[in-house]
Amino acid sequence: MKLNERQLELADRQVKRLIKSGSYYGELYKSLGITGVSSQEDFEKLPFSQKDDLRNAYPLGIMACSEEEIVRIHSSSGTTGLPVIIPYTAKDVDDWAIMFARCYETAGITNKDRIQITPGYGLWTAGIGFQAGCEKLGAMAVPMGPGNTEKQLKMMIDLKTTVLTATASYALLLAEEIHRRGLRDQICLKKGVFGSERWSETMRQRIVDELGIELYDIYGLTEIYGPGIGINCQHGTGIHYWDDYIYIEIIDPETGKPVPDGENGEIVITTLVKEGAPLLRFRTHDLSRIIPGECDCGSKFPRIDIIRGRSDDMFKVRGVNMFPSQVEDILKMVEGTSSEYSITIAHDDEKNKDVMLLTVEGDGRYEFDAMSKKIVELFRSLIGMTPKVIIVPVGTLPRSEKKTKRVIDYRT
Ligand code: ZN
């Protein structure tokens, strides 16, 4: 999806502002001879920004305004090394709340709702984002923070909470507790807004079954405001994102080149109006795709698909980008498969093409031949490539106590 005129203008303004500020990115652009962007081509020549840059600029090197204008910082921790610090101006904080309120509205939440907020408060962008959006919407915030299940349930019942915001795992824990204590009749929950982790369809179904609520996936990351830059609507799992605040590109994580709309790749985000720490072409490593066309809900905001994994897990065969969760989705559609599978990729020198072999365990209830045919068909229609498929009896594939390595690549 190309930048529209307005977005291009805003991106140009950001580049010029960064250069003027002398911030980390401003200096980088200057050293590369960049002075602004006036076309899509110009824009795509801008270097990507990465989490590593933010660490290099620790603590406040990416700040692109005077310190007097900064009203708050947030931080995200990496698995290693320095945390990342993101400074916000008053306008940034307000813009984030506006976007978050829009998320709630998209989920059909109104100022009559009572929103119990269980994500953590503090340096994280979680709790405070859910809260600011709730207040902007005019709904009633019940700011619990995480933990203390006893009190969570008491407030949920006494205050007649209608919306639960949580990580999916905490929602599941609460759902199980409500079931165990037989409190289902006393709770008034109608919707759940969950974010910040990839959750499986099984988990989703269990929460729906236990609580009988509608579920919404909220998207966002600390480097780009926080959660609240997009959410799915009642018409499906596609996530509407707010393209007046952010511009999303989907790129091939290997080549860094944009992929056509509809194809899978890595989400790259540009903040169009952020003041404290604008990021242009920030590589999220989250995998998704643009969903082309307009949504049935009538919203003009564009959509990305639900996040399907991380680019580190992605693999490419015959020009088609794939990732393990897609394979898992296909196997779930085929009865008789176990959860175990492995993918071997090699190059056939004679035919000069890549070959992908998918080995899947079958539990013996269905004929292996029919199963492999079905899997091949699903690959062809859903992914657009044809692997070789072998079904083996359950227990054949090696088990690992650590994270199982699913993809073995003999190319290179
Ligand atoms: Zn929609």
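## Worked exercises on a predicted model

Tyr225 sits in the loop that connects strand 7 (214–221) with strand 8. The model is a predicted one, and the exercises below begin with this residue.

**Exercise 1. Backbone and surroundings of two loop residues**

Determine the sign of phi at Tyr225 and at Arg318, and decide whether Tyr225 is buried or exposed and how Arg318 is to be classed.

*Solution.* Begin with the backbone of Tyr225, where phi is near 70°, a positive value in a residue other than glycine. Next consider accessibility: the relative accessible area of Tyr225 is 0%, and because buried means under 20%, Tyr225 counts as buried. Arg318, which belongs to the loop between strand 15 (315–317) and strand 16 (320–322), likewise has a positive phi without being glycine, in this case near 45°. Its relative accessibility is 36%, and since partly exposed covers the range between 20% and 50%, Arg318 is partly exposed.

**Exercise 2. The zinc site**

Identify the atoms that coordinate the zinc ion, assign the geometry of the site, and work out which parts of the chain Cys233 and Cys295 tie together.

*Solution.* The donors of the zinc ion are SG of Cys233, NE2 of His240, SG of Cys295 and SG of Cys297, at 2.1 to 2.3 Å. For the geometry, take the angles among the four donor atoms, which are 103 to 117°; as four donors count as tetrahedral if all angles lie between 85 and 135 degrees, the site is tetrahedral. Along the chain, the donors follow the spacing C-x6-H-x54-C-x1-C. Cys233 lies in the loop between strand 8 (226–232) and strand 9 (239–241), whereas Cys295 lies in the loop between strand 13 (290–291) and strand 14 (303–304), so this pair ties together parts that are 62 residues apart in sequence. Both Cys233 and Cys295 are buried.

**Exercise 3. The face of a helix**

Which residues of helix 2 (residues 24–31) are buried, and which helices do the buried residues pack against?

*Solution.* The buried residues of helix 2 are Tyr25, Gly26 and Tyr29. Viewed down the axis of helix 2, these buried residues fall within an arc of 105°, so they line one face of the helix. The general background is that an α-helix has 3.6 residues a turn, so residues three or four places apart point the same way. The buried residues of helix 2 pack against helix 1 (5–21) and helix 4 (51–56). After helix 2 comes Gly33, whose phi is positive, near 75°.

**Exercise 4. An open sheet of three strands**

For the sheet with the order 10-11-12, find which strands stand at the edges and how many bridges join strand 10 to strand 11.

*Solution.* The sheet is open and its pairing is antiparallel. Strand 10 (246–251) and strand 12 (282–288) are the edge strands, each with a single partner strand, so one side of each is left without a neighbour in the sheet. On average, neighbouring strands of this sheet are turned by 35° against each other, direction ignored. Strand 10 and strand 11 (residues 265–271) are joined by six bridges, and Ile251 has Glu266 in strand 11 as its bridge partner. Strand 11 pairs with strand 12 over four bridges, where Ile269 is partnered by Phe282 in strand 12. As to accessibility, six of the seven residues of strand 12 are buried.

**Exercise 5. An enclosed strand and the mixed sheet**

Why is strand 2 (residues 84–89) described as largely enclosed by the rest of the structure, and which strands form the edges of the nine-stranded sheet?

*Solution.* Six of the six residues of strand 2 are buried, so the strand is largely enclosed. Taken by face, Val84, Ile86 and Tyr88 are buried on one side, and Ile85, Pro87 and Thr89 on the other. Strand 2 pairs antiparallel with strand 1 (residues 70–76) over six bridges, with Val84 as the bridge partner of Ser76. Turning to the open sheet of nine strands, its order is 4-3-5-6-7-8-9-14-13 and its pairing is mixed; strand 4 (140–143) and strand 13 are its edge strands, each pairing on one side only. Within this order, strand 6 (residues 191–195) and strand 7 pair in the parallel sense over five bridges, and Phe194 stands opposite Asp217 in strand 7.

Methods:
Residues are numbered from 1 along each chain as its sequence is written. This is a predicted model: local features need pLDDT of at least 70, side-chain atom pairs count only at pLDDT 80 or more; totals for chains, interfaces and linings use all residues. Side-chain values use heavy atoms; hydrogens and water are left out. Buried means under 20% relative accessible area, exposed over 50%, partly exposed in between (1.4 Å probe, protein chains only). Helices (H or I, at least four residues) and strands (E, at least two) are DSSP runs, numbered from the N terminus. The arc is that of the directions from the helix axis to the C-beta atoms. Contact means heavy atoms within 4.5 Å. Donors are N, O and S atoms within 2.8 Å of the metal (3.2 Å for Na, K and Ca); water is not among the atoms, so sites may look incomplete. Four donors count as tetrahedral if all angles lie between 85 and 135 degrees; four count as square planar and six as octahedral if opposite donors are over 155 degrees apart and all others between 65 and 115; anything else is irregular. Two strands pair if DSSP finds at least two bridges between them. Axes are lines fitted to C-alpha atoms, for helices over the stretch in contact, and angles run from 0 to 180 degrees between N-to-C directions.
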